[in-house]
Amino acid sequence: MTPEITDPRFKAIAEEIRNDPENASFTKRGIDPLFFAGPDCRIMIVGQAPGRVAEESGIVWNDRSGDRLRDWMGIDRDTFYNSGKLAIVPMDFYFPGTGKSGDLPPRKDFADKWHPRLLELMPDLKLTILVGSYATKRYLQLKSSASLTQVVKDYRDYLPEFFPLVHPSPRNQIWMKKNPWFDQTVIPDLQELVAQIMR
């Protein structure tokens, strides 16, 4: 399972999210919000939204994309889920459904409503890893027309607070081949930074 939230302040927010009328359809089906946050978190990972596999298993990033993200960060599965140092806070905490070309986007106002409240309770965050265009454009306050490739290429401009990444989906394999600088430069720097913070 996604790590259990034990701090009462975070548990209270999770309960508010469950009881929010906007999430009623999920709560009625017994689906809980998928995220993890706690007072000792030092790195926050902001992705798009849980996928179908994550919803069914109750574990965020429990798929091939998650495996690749962990490889990029240079950490194992146990550290990812059980260290208590990684906040996993998607742009939407529920699977939004499937459209013609993949998963539907996260709901527009979800992050604005809940992320600030969680961030207030995580004073020791040193880095926010932004995975994909939705997280990147919101947190870096970019125009919708901004090129994610260029943003990721310019990742040093957003340090030390943010580290933008493309989505680790297997569908991005072609992008990876077209942009060898990502493996050569971005990933080593990400791994070094994560290792420093997680010590």
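Helices, meaning DSSP runs of H or I at least four residues long, and strands, meaning runs of E at least two residues long, are numbered from the N terminus, so α3 is simply the third helix along the chain. The model shown in these views is predicted.

**The largest pocket and its lining.** The largest pocket encloses about 950 Å³ of space. It is lined by 33 residues, and S65, D103, H167, S169 and R171 are the closest to its centre. Two or more lining residues come from each of α3 (52-57), α4 (64-73), β3 (98-99), β4 (102-103) and α7 (133-139). Of these elements, α3 gives the most, with 3 residues. Sorted by class, the lining of this pocket contains 14 nonpolar, 13 polar and 6 charged residues.

**S65 at the largest pocket.** S65, one of the residues closest to the centre of the largest pocket, belongs to helix α4. Is S65 buried or exposed? Its relative accessibility is 8%, and because buried means under 20%, S65 counts as buried. When residues up to four places away in sequence are set aside, S65 touches H167, P168, S169 and P170, and of these H167 and S169 are themselves listed among the residues closest to the pocket centre.

**The second largest pocket.** This pocket has a volume of about 370 Å³, and 17 residues line it, with T2, P3, R18, D32 and P33 closest to its centre. Helix α1 (residues 8-19) makes the biggest contribution to the lining, giving 4 residues. The lining as a whole is made up of 8 nonpolar, 3 polar and 6 charged residues.

**The largest nonpolar core, with a close look at F80.** This core holds 34 residues, and M73, F80 and F182 have the most contacts inside it. At least two of its residues are supplied by each of β1 (43-46), α4, α5 (77-82), β2 (86-88), β5 (127-131), β6 (162-165), α9 (173-178) and α10 (181-198), and the largest share, 9 residues, comes from α10. Leaving out neighbours within four places in sequence, F80 is in contact with I45, V60, W61, L69, R70, M73, I75, L86 and I88. Apart from this core lies another, of 31 residues, which includes I13, L130, A135 and F162.

**A salt bridge within helix α4.** Side chains of opposite charge can pair when their charged atoms come close, and the model contains 9 salt bridges. In one of them, the side chains of R70 and D67 meet with a distance of 3.0 Å from N to O. Both residues lie in helix α4, 3 residues apart, which is about one turn of the helix. The two partners fall into separate exposure classes, since R70 counts as buried at 4% relative accessibility, whereas D67 counts as partly exposed at 38%.

**Salt bridges between separate parts of the chain.** D92 pairs with R107 in a salt bridge whose closest N and O atoms are 2.8 Å apart. This pair links distant parts of the chain, with D92 in the loop between β2 and β3 and R107 in the loop between β4 and α6 (110-120), 15 residues apart. D92 counts as buried at 1% relative accessibility, while R107 counts as partly exposed at 28%. R138 and D112 form a further salt bridge, again with the closest N and O atoms 2.8 Å apart. R138 lies in helix α7 and D112 in helix α6, so this bridge ties together parts that are 26 residues apart in sequence. Elsewhere, E15, R18 and D32 are joined into one network by salt bridges that share partners.

**Backbone details in three loops.** What kind of peptide bond joins L159 and P160? The bond is cis, with omega about 10 degrees, and P160 is found in the loop between α8 (148-153) and β6. W61, in the loop between α3 and α4, is not a glycine and yet has a positive phi of about 55 degrees. Q141, in the loop between α7 and α8, likewise has a positive phi of about 55 degrees without being a glycine. The surroundings of these two residues can be read from their accessibility, as W61 counts as buried at 12%, whereas Q141 is exposed, with a relative accessible area of 74%.

Note on methods
Residues are numbered from 1 along each chain as its sequence is written. This is a predicted model: local features need pLDDT of at least 70, side-chain atom pairs count only at pLDDT 80 or more; totals for chains, interfaces and linings use all residues. Side-chain values use heavy atoms; hydrogens and water are left out. On a 1 Å grid over the protein atoms alone, a cavity is a set of points where a 1.4 Å probe fits but cannot get out, and a pocket is an open set with protein on both sides within 12 Å along at least five of seven lines; lining residues have an atom within 4 Å of a point. Grid points are joined across faces, edges and corners, and a volume is the space filled by probe spheres set on the points. Ala, Val, Leu, Ile, Met, Phe, Trp, Tyr, Cys and Pro count as nonpolar, Asp, Glu, Lys and Arg as charged, and the others, Gly among them, as polar. Buried means under 20% relative accessible area, exposed over 50%, partly exposed in between (1.4 Å probe, protein chains only). Contact means heavy atoms within 4.5 Å. A nonpolar core is a set of buried Ala, Val, Leu, Ile, Met, Phe, Trp, Tyr and Cys residues joined through side-chain atoms within 4.5 Å. A salt bridge is a side-chain nitrogen of Lys or Arg within 4 Å of a carboxyl oxygen of Asp or Glu.
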